[in-house]
Amino acid sequence: MKLPTKILPLILGVALLFSCKNDNQKTKSIAVVKTNYYTEPYRPQFHFSPEEKWMNDPNGMVYHKGVYHLFYQYYPEDIVWGPMHWGHATSKDLVRWEHQPIALFPDKHGLIFSGSAVVDIANTSGFGSAENPPLVAIFTYHLMKGEKAGRNDFQTQGIAYSLDNGDTWTKYEGNPVIENDGIKDFRDPKVFWDEANRTWVMALVAGDHLQLWNSENLKEWTKLSEFGKDEGAHGGVWECPDLFPIKVEGSDEEKWVLLISINPGAPNGGSGTQYFVGNFDGEKFTTDQTEIKWLDWGTDNYAGVTYYNAPKDDRIFIGWMSNWAYARDTPTEKWRSAMTLPRKLSLQKIQGDYSLFNYPVKNLEAIVDRKGKKNITVVGGAKEVVSFDSLNQAEVSFLTSARNFQLKLSNSLDEEVLLTLFGEEEQFFLDRTNSGKVAFQEDFASIQIMPVTGLPEEEYEVRLFIDHSSIEVFMNKGQYVMTAQLFPNENYTNLTIENLGDSEIRLKDFEINGVKRIW
């Protein structure tokens with residue numbers, strides 16, 4: 001959870017005002033039919049966004065009793081960052097979401113920054129029982145009073161528990177459970193149960209590196225090790241870690257993956273998420289990886305982590321679809337920010353190197369209105385135009401072995417998004433410089449570059465998801481991914497396929513389909 005530097009001088013009294021809220025008060029969700037609900041300009045129709053006000057990092061992602069919980073950094077008073085709470089939404093399928101009351105409010109220990117949640121099956125914490133194991137949330141407290149006083153110990157770690165599957169939460173009376181001995185950026189605990197060593201493990205960032213801690217009961221923690229001072233990208237502060245085991249596709253080999261968000265320092269500017277593939281022995285994470293690897297090369301996928309306790313042990317990832325370079329300036333009025341589509345992570349070994357794929361979950365098929373497939377052939381130097389009135393709420397997919405082509409989304413105002421593959425350079429470009437509203441912040445109008453050096457020589461898939469203010473590009477089932485926000489002044493209605501080479505190209509099983517709204 002990044003604290004925006006422009007908003008440091010917050011008034012402490014605002015945070016204290018919210019601390020008077022009753023954390024244990026249970027509020028029932030009421031289904032109300034609303035006119036023009038979720039139809040504001042740029043409102044995502046099949047991505048999660050809050051009904052109103054500011055949202056950033058996904059938090060506390062946990063699955064329990066048939067419910068996916070999505071908590072998130074939330075300021076309920078404005079559409080810019082402010083005193084952080086944990087907002088809350090739930091889903092049965094990761095597609096359709098139901099808004100819930102705010103889960104965690106600031107208190108005397110500070111604002112509620114990012115963290116995680118677990119199912120304490122064995123009731124190691126003693127908060128529940130064997131018959132009713134608790135959900136336990138682990139989060140960072142950020143004490144504004146301490147920061148304004150110039151101290152470096154203003155971030156500590158706290159916990160809370162729920163005995164009704166996330167409906168209400170009780171803060172632990174012994175908070176904070178981890179004090180701070182003087183590290184300015186000391187936050188974002190991600191906790192998991194280490195079955196091999198029968199202990200809880202916490203991944204926690206400390207400025208420019210990772211710390212690992214363990215606990216028998218989620219209340220008392222011991223520091224184990226550190227990682228990363230000399231590994232990976234270091235253009236900015238490390239944030240939002242996630243450490244988990246994952247099998248290599250098509251084998252019995254198991255590796256450990258560490259996700260680290262960084263801001264600034266991403267490959268196309270501002271915020272981004274890198275990953276490491278290595279091993280964890282119960283105490284230390286190690287890797288022989290020397291290359292910096294990025295989960296998503298677009299500018300708008302940050303602070304993402306995976307679900308705890310997901311069915312079939314799937315690694316389901318959701319990220320915040322924005323970038324701290326311009327997150328506070330995007331041209332929406334009632335709310336600000338959305339989440340990426342939920343994606344399943346998989347680890348593949350390609351020519352001896354590990355690659356972390358991320359690809360939309362299969363449940364999304366339920367809202368894709370498939371109309372049929374066709375094959376498209378474009379001769380050298382030619383173009384093919386496909387018109388589709390709902391291109392701002394669509395899925396596009398095809399198979400191809402082409403190496404030099406461009407996809408252009410455009411409208412009658414000559415606004416356009418260009419997606420270009422240059423085979424000889426082994427690079428893919430996403431150009432939003434003329435995509436619509438781009439002048440609201442100087443860093444937004446950008447040409448984003450993604451190296452695709454491992455793209456198969458044979459046929460591969462290209463799949464796009466376009467919502468009213470975003471595009472997500474998945475190449476070769478998620479081997480290469482870009483996510484970017486878009487703010488056209490008018491919906492895109494044409495998709496132009498241009499052959500940039502001399503030989504004809506073929507787009508096999510081409511589809512352009514509408515995507516149903518989820519609200």
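In this predicted model, Phe 510 touches a set of residues that lie more than four places away in sequence: Gly 372, Lys 373, Lys 374, Ile 376, Val 386, Val 396, Ser 397, Phe 398, Leu 495 and Ile 497. Phe 510 also belongs to the largest nonpolar core, which has 89 residues. Within that core, Phe 510 and Leu 391 are the residues with the most contacts. Strand β10, residues 199-206, gives the most to this core, with seven residues. A second, separate core has 45 residues, among them Tyr 63, Val 361, Val 481 and Val 515. In soluble globular proteins, nonpolar side chains tend to be buried together.

An open sheet is formed by four strands in the order β18-β19-β21-β22, and the pairing is antiparallel. The edges of the sheet are taken by β18 (302-306) and β22 (353-360). Each of these edge strands has a single partner strand, so one side of each is left without a neighbour in the sheet. From one strand to the next, the twist averages 40°. Strand β21, residues 343-350, runs antiparallel to β22 and is joined to β22 by eight bridges. One bridge pairs Gln 348 with Ser 355 of β22.

Two cis peptide bonds are described here, each leading into a proline in a loop between strands. The bond that joins Asn 175 and Pro 176 is cis, with omega about -5°. Pro 176 is found in the loop that connects β8 (170-171) with β9 (186-194). The peptide bond from Asn 263 to Pro 264 is also cis, and its omega is near -10°. Pro 264 sits in the loop between β14 (254-263) and β15 (272-280).

Positive phi values are found at Arg 198 and at Asn 476, neither of which is a glycine. For Arg 198, phi is about 50°. Arg 198 lies in the loop between β9 and β10. With a relative accessible area of 51%, Arg 198 is exposed, because the cut-off for this class is over 50%. For Asn 476, phi is about 55°. Asn 476 lies in the loop between β32 (470-475) and β33 (480-485). The relative accessible area of Asn 476 is 16%, which is under 20%, so Asn 476 counts as buried.

Notes. Residues numbered from 1 in each chain as written. Predicted model: local features only at pLDDT ≥ 70, side-chain atom pairs only at ≥ 80, totals over all residues. Heavy atoms only, no water. Pairing = 2+ DSSP bridges. Axes fitted to C-alpha atoms, helices over the stretch in contact; angles between N-to-C directions. Core = buried A, V, L, I, M, F, W, Y, C linked by side-chain atoms within 4.5 Å. Buried < 20%, exposed > 50% of the residue type's maximum accessible area, 1.4 Å probe, protein only. Contact = heavy atoms within 4.5 Å.
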